Amino acid sequence: MTTETAVTPVSDVSEDFVVDFFAHVDAHDFDWVEQILHPECVIEAPGFQQKGPEMVTIWMAGFFAAFPDLAHRPHRIVAAGDEVAVELEVTGTHTQDLAAPDGNAIPPTGRPIRIGLAEFWRLRDGRVSEYRVYYDHFEFLTQLGLTN
């Protein structure tokens, strides 16, 4: 976690806001990320559903722990009103244990990943209140060498 800085709620979602969001994520600036998330933020991702900004950043931090070089590259962003859709590419190398939803850990494979994913956000009171992540989990496991 980094030093806390004041974050102003978003009045109009823009492409710049989304790019800035992922820059903070990739910099592991989870304090900033937590501030831009609504206190009642819900996250849904393959194998993971929780509520609260801290749970979102715990989920993110788990991936960064397993893939220290993880990087997000947003390349299609659609923002309208209080909703955002973003398509991005995520790359990284699996060098540490990855916590699995069942409580087990996937040992490091040393393999790189390049995964396309989509995220859909909804804002309330200028903060992200819904954070939904979609990606091909089978493809993810295949790139790690864990499927046939």
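I began just past the end of helix α1, where H28 follows the helix with a positive phi, near 60°. I note at the outset that I am reading a predicted model.

**Helix α1**

I then went back along the helix itself, which spans residues 15–26, and found that its twelve residues reach 17 Å from the first C-alpha to the last, close to the 16 Å expected at 1.5 Å a residue. Next I looked up which residues of α1 are buried, and listed F17, V18, F21, F22, H24 and V25. These cover an arc of only 155° around the axis, which puts them on the same side of α1. I set beside this the general point that an α-helix has 3.6 residues a turn, so residues three or four places apart point the same way.

I also asked what covers the buried residues of α1. The cover includes two helices, α2 (30–36) and α3 (53–66), together with the strands β3 (71–80), β4 (83–93), β7 (112–124) and β8 (127–135).

**The largest pocket**

I turned to the largest pocket, for which I recorded a volume of about 290 Å³. Its lining is made up of 16 residues, and those lying nearest the centre are W59, F63, A99, A100 and P101. When I sorted the lining by element, I found that α3, β5 (98–99) and α4 (137–143) each supply at least two residues, and that the largest share, four residues, comes from α3. Helix α3 therefore enters my notes twice, since what covers the buried residues of α1 also includes α3.

Finally, I checked the character of the lining of the largest pocket, which divides into 13 nonpolar residues, three polar and no charged.

Key. Residues are numbered from 1 along each chain as its sequence is written. This is a predicted model: local features need pLDDT of at least 70, side-chain atom pairs count only at pLDDT 80 or more; totals for chains, interfaces and linings use all residues. Side-chain values use heavy atoms; hydrogens and water are left out. The expected span of a helix is 1.5 Å times one less than its number of residues. Buried means under 20% relative accessible area, exposed over 50%, partly exposed in between (1.4 Å probe, protein chains only). The arc is that of the directions from the helix axis to the C-beta atoms. Contact means heavy atoms within 4.5 Å. On a 1 Å grid over the protein atoms alone, a cavity is a set of points where a 1.4 Å probe fits but cannot get out, and a pocket is an open set with protein on both sides within 12 Å along at least five of seven lines; lining residues have an atom within 4 Å of a point. Grid points are joined across faces, edges and corners, and a volume is the space filled by probe spheres set on the points. Ala, Val, Leu, Ile, Met, Phe, Trp, Tyr, Cys and Pro count as nonpolar, Asp, Glu, Lys and Arg as charged, and the others, Gly among them, as polar.
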